[in-house]
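Work through these exercises on helix burial and helix packing. Keep the model open beside you.

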Amino acid sequence: MAHSHGHSTLAKTGPLQASGGLKGFFLLSAVIGAAVFAAALSTDAERAWASFIHNHFYFMSLALGGVFFVALQWLTGAMWSAPVRRIAEAFTSYLPAALIFFAVLYFGIHNLFEWSHPEHVRGDLILEGKTSYLNVPNFMTRNFCAILLWIFFAKKMVGNSLAQDATGDVKFTNKNRFMAPGFMVLFALSFTMASFDLLMSLDPHWFSTMFGVYCFAGMIYSVFALTCIVTIYLRRQGALKEFVNENHLHDLGKFMFGFTVFWAYIGFSQYMLIWYANMPEETGYFIHRFHGNWMAVSVFLLLGKFVTPFFLLIRRESKRREGRLLFVGFWMLLAQWIDVLWMVQPEFFSEGPKVGWIEIGVFLGFLGVFGTFVLRFLGKHNVVAIGDPKLPQAVFHHHQ
């Protein structure tokens, strides 16, 4: 009986009918962002490029996190996520835009990276030792290849998921289960490299072997937050009402809570190892960030990015309430944005963070492009993976 009811429910879904207002907001944001970035280049190029790489990394991580999320579901054969997996698949549609933005970044390399200036490298033993890795042609080639690789896997896996909508054929699930492990290995290597290149090499004298894991922790932290927000939005629109119950929300809430703790654990581990080794070549990064107004941002990351979501989500009821999850989801996205700011800006502005018209404008630009891609994807495809063989059970998912 449950299964027949499930299939009658499944027939009711379709692409998202997004409001014109939301589409308009994202398009306007993209236009404002382009205008602000152009204006900022002529008034304060350093700030413009710092803001560009900050938001490029932030939104690229959300899109790549979408690929990671879906690969993880195929890899583990998870059932609970069938009704919300399509949302994460929608995030991956932004990756081609990330490729274009990375190409634009080429024009800002000399504003951002000390190692791109031969006159700075000459005579600096550390930088001279890194020239075979840190040079412009290698930097561009490596990162282009990484993003193309991510696009390839996203297109294949999401393509299989969409094809399954039409037929319900289990072979598409098997294809993705076959591809997911390969993606995971390549993802771990390529995302670590991208984190080193785009963020860590802003300070080419500093290094941390945990930095890739730290960036990964922030990426997953924000992806679950965004998935939860979009799930609740679609549920309130009526698109997911029949598919997502409070048990699914509870699961998303548990992941948000779990990765809040994971991020704090990795952040603490990286800091503690550097603190007790007390080696000059490693400590500079944190000394930078514990001076001036950066200290307040460092304290915010401890209290705002970890303590706040930890206590807001620790109780079972709070993981089952839409309002609470929405608030914490937006809070976590903001905290992650501030964390990326904390990784980028101290290399340029040692006295404290700069958040003004440039930073907000460039953020709006990237948000507009990301939102437009995601809405377009959800407007073209079913918002639920209706061909997934696990969906009928997942709709009746409940905790014992």
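**Exercise 1.** Decide how covered helix H3 is, then describe its span and its end.

*Solution.* H3 is mostly covered, with 27 of its 32 residues buried. Keep in mind that this is a predicted model. Next, take the span. H3 covers residues 45-76 and reaches 46 Å from its first C-alpha to its last. That is close to the 46 Å expected at 1.5 Å a residue. Finally, look past the end. Gly77 follows H3, and its phi is positive, near 65°.

**Exercise 2.** Treat helix H11 in the same steps.

*Solution.* Start with burial. In H11, 23 of the 27 residues are buried, so the helix is largely enclosed by the rest of the structure. Now the span. H11 runs over residues 211-237 and reaches 39 Å between its first and last C-alpha, close to the 39 Å expected at 1.5 Å a residue. Then the end. Gly238 follows H11 with a positive phi, near 95°.

**Exercise 3.** Classify the packing of H12 (residues 246-277) against H15 (residues 322-344), and list the contact residues.

*Solution.* Take the geometry. The two axes come within 11 Å and cross at roughly 30°. Angles under 35 degrees count as roughly parallel, so H12 is roughly parallel to H15. The crossing of H12 past H15 is left-handed. Now the residues. H12 contributes Leu249, Gly253, Met256, Thr260 and Trp263. H15 contributes Glu322, Leu325, Val328, Gly329, Met332 and Asp339. Sort them by class: the contact has six nonpolar, three polar and two charged residues.

Methods
Residues are numbered from 1 along each chain as its sequence is written. This is a predicted model: local features need pLDDT of at least 70, side-chain atom pairs count only at pLDDT 80 or more; totals for chains, interfaces and linings use all residues. Side-chain values use heavy atoms; hydrogens and water are left out. Axes are lines fitted to C-alpha atoms, for helices over the stretch in contact, and angles run from 0 to 180 degrees between N-to-C directions. Helices (H or I, at least four residues) and strands (E, at least two) are DSSP runs, numbered from the N terminus. Angles under 35 degrees count as roughly parallel, over 145 as roughly antiparallel, 65 to 115 as roughly perpendicular and the rest as oblique. A crossing is left-handed if the near helix is turned anticlockwise from the far one by less than a right angle, and right-handed if clockwise. Contact means heavy atoms within 4.5 Å. Ala, Val, Leu, Ile, Met, Phe, Trp, Tyr, Cys and Pro count as nonpolar, Asp, Glu, Lys and Arg as charged, and the others, Gly among them, as polar. The expected span of a helix is 1.5 Å times one less than its number of residues. Buried means under 20% relative accessible area, exposed over 50%, partly exposed in between (1.4 Å probe, protein chains only).
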